[in-house]
Amino acid sequence: MEAILKMGDIVIRPAQKLDCGQIRALIQELADYQQMPDGPKIGADVLERDGFDGERPLFLSTVAEDTKTNKLVGYTLFYYLYDCFEGKYLYLEDICVTEAYRKKGFGAALFESVVKVGVETDCSSMRWDVLKWNPARKFYDKYGATNLTETKGVLFYRYYNK
């Protein structure tokens, strides 16, 4: 699979089905960091099915791989949504870089890999949510991202279909 970007021993590339086990481990790492260790309810098999087995995948993903160890050290998970005012946009569900690799530019490279997909597919914007206490908010501010809760009073809701 062709690399999007090479940074020394780290390669940013589109995820592959065989990455799903490591992506699931990184999802757990992110959940632990966000103080939600029981949050993830899906396994690698669901990621494989939903992202790689169908004609229309439910999500896309990019990964940061350490080519020395063949270990994934970060990932993004994103998908297309539609806004009746602006049209198609990307929703960044997750972005995570494992702790030992943070503050080395890999998060920025992963973030920019998703931005690139949005630009190439003519998306109107990219959206995501972030926990209020998460220091990544400063990272997003550097990109000129708008906090819609503060500027527009937009609140996000979730309904669980049980």
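Here are legends for a few close-up views of this predicted model.

**View 1. Strands β1, β2 and β3 sit side by side.**
Start with the hairpin of β1 and β2, where two residues lie between the strands. One to look for is Gly-8, which takes a positive phi near 65°. Strand β1 (residues 5–7) and β2 run antiparallel and are joined by three bridges. If you find Met-7, its bridge partner in β2 is Ile-10. Strand β2 also runs antiparallel to β3, this time with five bridges. Here Ile-12 stands opposite Ala-64 in β3. Is β2 enclosed or open? Four of the five residues in β2 (residues 10–14) are buried, so the rest of the structure largely encloses this strand.

**View 2. Helix α1 and its neighbours.**
Helix α1 covers residues 20–33, which makes 14 residues. From first C-alpha to last, α1 reaches 20 Å, close to the 20 Å expected at 1.5 Å a residue. Plenty to spot here: the buried residues of α1 are Cys-20, Ile-23, Arg-24, Leu-26, Ile-27, Gln-28, Leu-30 and Ala-31. What do they pack against? The partners are helix α2 (44–53) and the strands β3 (60–66), β4 (71–83) and β5 (87–97). Just past the helix, look for Gln-35, which follows α1 and has a positive phi near 60°.

**View 3. The buried side of helix α2.**
Four residues to find in α2 are Val-46, Leu-47, Asp-50 and Gly-51, which are buried. They span an arc of only 100° around the axis, so they lie on the same side of α2. Among the elements covering the buried residues of α2 are α1 and β4.

**View 4. The largest nonpolar core and a second one.**
A bit of background first: in soluble globular proteins, nonpolar side chains tend to be buried together. The largest nonpolar core in this model has 19 residues, and Leu-90, Leu-92, Phe-111 and Met-126 touch the most other members. Strands β2, β4 and β5 and helix α3 (106–120) each supply at least two residues of this core. Which of them gives the most? That's α3, with six residues.

Now zoom in on Leu-92. Leaving out residues up to four places away in sequence, Leu-92 touches Thr-76, Leu-77, Phe-78, Phe-111, Val-114, Met-126, Arg-127 and Trp-128. There's also a second, separate core of 13 residues, including Ala-15, Leu-26, Ile-27 and Leu-77. You've already met Leu-26 and Ile-27, which are buried residues of α1.

Note on methods: Residues numbered from 1 in each chain as written. Predicted model: local features only at pLDDT ≥ 70, side-chain atom pairs only at ≥ 80, totals over all residues. Heavy atoms only, no water. Expected span 1.5 Å × (residues − 1). Buried < 20%, exposed > 50% of the residue type's maximum accessible area, 1.4 Å probe, protein only. Contact = heavy atoms within 4.5 Å. Pairing = 2+ DSSP bridges. Arc of directions from axis to C-beta. Core = buried A, V, L, I, M, F, W, Y, C linked by side-chain atoms within 4.5 Å.
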